[in-house]
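Here are some exercises to work through with the model open beside you. Try each task yourself before you read the solution.

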Amino acid sequence: MNKDEQEIRDLIDTWLAASKEGDLETVLDLMADDVVFMVPGQEPFGKEAFAAHNRNMKDLRIEGTSEIQEIEVLGDWAWLRNRLKVTFTPPTGDPMVHSGYTLTILRKNPDGKWVLARDANLLTPESKP
């Protein structure tokens, strides 16, 4: 594994850990200012909308696992295909589990730091047994 691939894997681990801790500022720091998220049933949205949505979910505990399927680095750009499983637990009530694949495009900033530039997130609710 090369240095860039390891840095991208570390970015995903940092994202998951920060989400679990409710550290929105760290998550936002892992995104490009012009990031675009695509999720089912919504128009694409950027960093501000992501932040607002997460602030509205501040009472939820979020825990996720990641299984990176592929990473390809092409100079200052990279993409990864990832299988995520995210559990959202409200203060009262049952946890909600969403899982599925993401396709993420990353960009290396001039300072050498990788950030998310585009993300197609195909997570859907898991059915209860």
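**Exercise 1.** In which strand is the place of Thr87? Then work out its exposure and its contacts.

*Solution.* Keep in mind throughout that this is a predicted model.

Step 1: Look up the element. Thr87 sits in strand E3.

Step 2: Check the exposure. The relative accessibility of Thr87 is 23%, so it counts as partly exposed; the buried class is for values under 20%.

Step 3: Look for partners, skipping neighbours within four places in sequence. Thr87 is in contact with Arg61, Ile62 and Glu63, and also with Pro95, Met96 and Val97.

Step 4: Take one of those partners and compare sequence with space. Ile62 is 25 residues from Thr87 along the chain, yet their C-alpha atoms are separated by 5.7 Å.

**Exercise 2.** Get an overview: how many helices and strands does the chain have, and in what order do the elements run?

*Solution.* Step 1: Count. You should find three helices and six strands.

Step 2: Walk from the N terminus. The order is α-α-β-α-β-β-β-β-β.

Step 3: Judge the overall build. The globule rule gives 14 Å for 129 residues, and the radius of gyration here is 15 Å, close to that value, so the chain is as compact as a globular protein of that length.

Step 4: Add the dimensions. The C-alpha trace spans about 45 × 30 × 30 Å along its principal axes.

Step 5: Look at the chain's inside and outside. Of the 129 residues, 33% count as buried. The accessible surface is about 7,900 Å², and carbon and sulfur atoms account for 52% of that.

Step 6: Ask how far apart contacting residues are in sequence. Take the contacts between residues at least 6 apart: 49% of them join residues at least 24 apart.

Step 7: Finish with charges. There are 15 positive and 23 negative ones, and the mean positions of the two sets are 3 Å apart.

**Exercise 3.** Find the largest nonpolar core. Which of its residues touch the most other members?

*Solution.* Step 1: Pick out the hubs. The core has 22 residues, and the ones touching the most other members are Trp15, Met31, Phe37, Phe50 and Leu106.

Step 2: See which elements feed the core. At least two residues each come from helix H1 (3–21), helix H2 (24–29), strand E1 (31–38), helix H3 (47–56), strand E3 (77–89) and strand E5 (114–121). H1 gives the largest share, six residues.

Step 3: Zoom in on one hub. Beyond its neighbours within four places in sequence, Trp15 is in contact with Val27, Leu30, Met31, Phe37, Phe50 and Leu116.

Step 4: Look for a second core. Another one, of six residues, lies apart from the largest; Met57, Leu84, Val86 and Leu123 are among its members.

**Exercise 4.** Compare Thr102 and Pro90. How far apart are they in sequence and in space?

*Solution.* Step 1: Place them. Thr102 is in strand E4 (residues 96–108), while Pro90 is in the loop between E3 and E4.

Step 2: Check burial; the cut-off is under 20% relative accessible area. Thr102 has 4%, so it is buried. Pro90 has 19%, so it is buried too.

Step 3: List contacts, again leaving out neighbours within four places in sequence. Thr102 is in contact with Leu80, Arg81, Asn82, Leu84, Asp119, Ala120, Asn121 and Leu123. Pro90 is in contact with Leu60, Pro95 and Met96.

Step 4: Get the distance. The two are 12 residues apart in sequence and 24 Å apart in space, C-alpha to C-alpha.

**Exercise 5.** Now try two loop residues. Where does Asp23 lie, and where is the place of Asp76?

*Solution.* Step 1: Find the loops. Asp23 lies between H1 and H2, and Asp76 between strand E2 (61–74) and E3.

Step 2: Compare exposure with the cut-offs: partly exposed falls between under 20% (buried) and over 50% (exposed). Asp23 has a relative accessible area of 32%, so it is partly exposed. With 45%, Asp76 is partly exposed as well.

Step 3: Check what Asp76 touches. Not counting residues up to four places away in sequence, it touches Leu106, Arg107, Lys108 and Trp114.

Step 4: Try two C-alpha distances. Asp23 and Val35, 12 residues apart along the chain, are separated by 18 Å. Asp76 and Phe45 are 31 residues apart in sequence and 23 Å apart in space.

Note on methods: Residues numbered from 1 in each chain as written. Predicted model: local features only at pLDDT ≥ 70, side-chain atom pairs only at ≥ 80, totals over all residues. Heavy atoms only, no water. Helix = DSSP H or I, 4+ residues; strand = E, 2+ residues; numbered from the N terminus. Rg over C-alpha atoms; globule rule 2.2 N^0.38 Å. Buried < 20%, exposed > 50% of the residue type's maximum accessible area, 1.4 Å probe, protein only. Contact = heavy atoms within 4.5 Å. Areas by Shrake-Rupley, 256 points an atom, 1.4 Å probe, with all protein chains shown as cover. Lys, Arg positive; Asp, Glu negative; His and termini not counted. Charge placed at Lys NZ, Arg CZ, Asp CG, Glu CD. Core = buried A, V, L, I, M, F, W, Y, C linked by side-chain atoms within 4.5 Å.
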